[in-house]
Amino acid sequence: MDLQKLIYEVKDGVATITMNYPKNLNAVDESMADELIWAFDVANEDPAVKVIVLKGGEKAFSAGGDVGYFYKLATSGESVNMDSLIEKVGIIAQKIKTLDKIVISSVSGAAAGAGVSLALSADFVIAAENTKIIMAFVKLGLVPDTGSTYLLVKQLGEKRAFEYCATGTPIGAEDAKNWGLITRVVPMEELESETNKLAGKIAAGPLVAYKNIKKQIYGASFEQYSAFLREVEATTQRECAATEDFIEGVKAFVEKRKAEFQGK
């Protein structure tokens, strides 16, 4: 694949997938989603790859959905159809959890919306101290996608997950670690070295055992994940994406003003 928004490289048994579209803060649009699906598939099928690392930029891991693109459609009077994107981010969420290989996310700066899901879906999450986790969907009149709600309920419990999804309040790296969302918090200048150290340790470890531990964790905690993504997440997000509130949320976000939601 001719990668436009990712950098994919393999070294010493580690496949590093770097989201590399700073112009849009690594927003996950359809082309980014296609490239992520390709990269994870290639890494999983490559016998030279022992472990996978997912990275973003220093200032932004990923800003989530491409709100600017939605804004252009909304202000031009065109309909905003998210069906294809919803399907693709669901595939990514499921894929990360079911790959044979361990996935490490190396996070710095803002992880918002779908970017939160990409970060938290990994088996290990190493975050720099400047990391901000922002469940921003509700500010656009949307529900979380890319597996976010399922992950948060599992990790935070129903009440705290509901509060977080409904308010979109940012969470700093230390709080996220204390809540069990992040494996380890390190100074920004140590993020790359700490990520490489963990990746190297896993690459040199008992890979068949790791693969099967991951399968056990999935079987114990994510047995209904696929059905949730398909039957609950996709359908609820489609309903929200068809509302006037979504269009208003997109316009307000880009225009830097408070949204005036009408509940329809």
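**Close-up views of a predicted model**

**View 1. A salt bridge within helix α8 brings together a buried and an exposed residue.** E194 counts as buried because its relative accessibility is 15%, which lies under the cut-off of 20%. Its partner K197, in contrast, has a relative accessibility of 55% and counts as exposed, since exposed means over 50%. The structure shown here and in the other views is a predicted model. In this view the side chains of E194 and K197 meet in a salt bridge, with N and O 3.3 Å apart. Both residues belong to helix α8 (residues 191-203), where they are 3 residues apart, about one turn of the helix. Elsewhere, E30, D34 and K88 are joined into one network by salt bridges that share partners.

**View 2. The salt bridge of K88 and E30 links two helices.** Side chains of opposite charge can pair when their charged atoms come close. For K88 and E30, the closest N and O atoms of the salt bridge are 2.9 Å apart. This pair links distant parts of the chain, for K88 lies in helix α3 (residues 83-98) and E30 in helix α1 (residues 30-45), 58 residues apart. With a relative accessible area of 17%, K88 is buried, whereas E30, at 32% relative accessibility, counts as partly exposed.

**View 3. A salt bridge between D83 and R238 joins helices α3 and α10.** The side chains of D83 and R238 meet in a salt bridge, and the distance from N to O is 3.3 Å. Here too the pair links distant parts of the chain, since D83 lies in helix α3 and R238 in helix α10 (residues 225-241), 155 residues apart. D83 counts as partly exposed at 35% relative accessibility, and R238 is likewise partly exposed, with a relative accessible area of 34%. By the rule used for such pairs, the count comes to 12 salt bridges.

**View 4. K5 is a buried residue in the segment before β1.** The place of K5 is in the segment that comes before β1 (6-11), and with a relative accessible area of 10% this residue is buried. Leaving aside residues up to four places away in sequence, K5 touches several residues, including T18, M19, Y21, D29 and E35. The side chain of K5 also makes a polar contact with the side chain of S31, at 2.9 Å.

**View 5. Strand β2 has neighbours in β1 and β3.** In strand β2 (residues 14-19), 6 of the 6 residues are buried, so the strand is largely enclosed by the rest of the structure. V14, T16 and T18 point one way from β2, while A15, I17 and M19 point the other way. β1 and β2 run antiparallel and are joined by 6 bridges, with Y8 standing opposite I17 in β2. β2 and strand β3 (residues 51-55), however, run parallel and are joined by 5 bridges, with V14 standing opposite V51 in β3. Between these two parallel strands the chain crosses from β2 through α1 to β3, and this β-α-β crossover is right-handed.

**View 6. Four strands form an open sheet with mixed pairing.** The 4 strands of this sheet are arranged in the order β4-β6-β8-β9. β4 (60-62) and β9 (171-172) stand at the edges, each with a single partner strand, so one side of each is left without a neighbour in the sheet. Strands β6 (residues 110-112) and β8 (residues 132-134) pair in the parallel sense over 3 bridges, and A111 stands opposite I133 in β8.

Methods. Residues numbered from 1 in each chain as written. Predicted model: local features only at pLDDT ≥ 70, side-chain atom pairs only at ≥ 80, totals over all residues. Heavy atoms only, no water. Pairing = 2+ DSSP bridges. Salt bridge = Lys/Arg side-chain N within 4 Å of Asp/Glu carboxyl O. Buried < 20%, exposed > 50% of the residue type's maximum accessible area, 1.4 Å probe, protein only. Contact = heavy atoms within 4.5 Å. Polar contact = N/O pair within 3.5 Å; in protein donor to acceptor, adjacent residues only side chain to side chain. Right-handed = clockwise from strand over helix to strand, strands pointing away.
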